[in-house]
Amino acid sequence: MCKDTSKTITCKAVVLWGVGEALKVEEIQVDPPKSSEVRIKMLCASLCHTDILCCNGLPVPLFPRIPGHEGVGKVESVGEGVKEVKEGDIVMPTYIGECGKCEECRSGKTNLCSTYPLPFNGVMPDGTSRMSIKKKAGAGAEESHRIYHHFTCSTWSEYTVIDANYIVKLPPTIPLPHASFMACGYSTGFGATSKEVLVHKGSSVAVFGLGAVGLGVIEGARIRGAGRIIGVDINENKRKKGEVVGMTDFINPRKSSSSTDSDDHKPKISEMVKELTGGMGVDYCFECTGVASLVNEAIESTKMGIGTAVLIGAGLETSGQINFIPLLCGRTLKGSIYGGIKIKSDLPVLFDKCLNKELNLDELLTHQVSLDEINKAFPLMKQPDCVKVLINF
């Protein structure tokens, strides 16, 4: 690889050419950073269920594309005007920014910045891409194809270019896998307990889905003093994981209903939650699975008049029917991106908690693969004991 940071780098990356196609590790070209951009040498990355959506063409089917939005890297070079980081800094790419000046940033109500928004168009702010791939054309010639970014980042590449407003400098001693997990999943859950709602001392919480997001919710709720934290998952292996981070009760819907129950008579998850809470439901319910049919269950699991359901998970189903009656009875349904966390104001606090060993992030790492083994990673995510898969470069 060329060490001249003003030139294009040829490296390996995971390229997806279309919905339903296999991921391919191929040689790509990564251009040098332009003004306000940074080129990063990735050190590790991780898989998030949102990457599955990307591979299925959601939210926008743009191909060829390099997936990945969790990861940690070292700054290889910087473009003109970049002052926040320098060559050699260890950084975490993010998919949202924070200018601190726009109406949204100043509102105190959201982490979505209108100056540096969450992008879905697969290109840099100037409308171009920094990644391309050469393919053979007719008569032995080669054609260069633009590669789309995943949000801002595309972390499943040995090198990537990202706008400097979408990166965060990391403390030098932070464990790289922990930082990678905080780039999306874990932080999304953890942040939602204090940024989307204010889980209060002694309150009751239900969490649907105990992956990295759900375990982050449980840990955040525990730290904020919740009195009862109910984890819900069809995977019995998640019981122990949940208990380690602070879960007090566990519901496995498949084990909580009799095999003789018909579909019409199987107890609903909301009924199971209410059974554990004296018929009242919980103060806060976090839906982390992305299963559309569970949104109503999350709403109905909360207390009438004062309960809040937070929609965190995203799935292949992008719409569903909502039962209005529970909402008309005073419950609230709230959506969330990245758990309401602001990358400049809030992530340093989370990094400090990590360094102070206040967070059980070791519980998340269950499997590791190399970049060349990427096609082993998705089957691993389906294993009962899997929480997070780390990609080592």
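**A quick tour, starting at a strand pair**

Start by selecting residues 131-136, which make up strand β6. Five bridges tie β6 to β7, and the two strands run antiparallel. Keep in mind as you click around that this is a predicted model.

While you're here, show the side chains of Ile-133 and His-145. Ile-133 sits opposite His-145, which belongs to β7.

Now widen the selection to the whole sheet. What is the order of its strands? Going across, you'll pass β1, β2, β6 and β7, four strands in an open sheet with antiparallel pairing. At the edges are β1 (9-15) and β7 (142-146), each paired on one side only. Turn the view a little: neighbouring strands here are turned by 45° against each other on average, direction ignored.

Next stop, the interior. Select Phe-286 and Leu-347: in the largest nonpolar core, which has 52 residues, these two touch the most other members. To see what else feeds this core, colour the elements that give two or more residues to it: α3 (176-181), α4 (185-196), β10 (204-208), α5 (212-223), β13 (284-287) and α11 (347-355). Linger on α5, as the largest share of the core, six residues, comes from that helix.

Last, switch to a surface view and pick Ile-322, Phe-324, Ile-325, Leu-328 and Leu-333. Together they form a nonpolar patch on the surface, with about 510 Å² of accessible area. Helix α10 (residues 324-328) supplies the largest share of the patch, three residues.

Finish on Ile-325, which lies in helix α10. Is Ile-325 buried or exposed? Ile-325 counts as exposed because its relative accessible area is 54%, and the cut-off for exposed is over 50%.

Notes. Residues are numbered from 1 along each chain as its sequence is written. This is a predicted model: local features need pLDDT of at least 70, side-chain atom pairs count only at pLDDT 80 or more; totals for chains, interfaces and linings use all residues. Side-chain values use heavy atoms; hydrogens and water are left out. Two strands pair if DSSP finds at least two bridges between them. Axes are lines fitted to C-alpha atoms, for helices over the stretch in contact, and angles run from 0 to 180 degrees between N-to-C directions. Patches are made of residues with over 30% relative accessible area and no salt bridge: like charges are joined within 9 Å, nonpolar side chains (Val, Leu, Ile, Met, Phe, Trp, Tyr) within 5 Å. Accessible areas come from the Shrake-Rupley method with a 1.4 Å probe; for residues, only the protein chains shown count as cover. A salt bridge is a side-chain nitrogen of Lys or Arg within 4 Å of a carboxyl oxygen of Asp or Glu. Buried means under 20% relative accessible area, exposed over 50%, partly exposed in between (1.4 Å probe, protein chains only). A nonpolar core is a set of buried Ala, Val, Leu, Ile, Met, Phe, Trp, Tyr and Cys residues joined through side-chain atoms within 4.5 Å.
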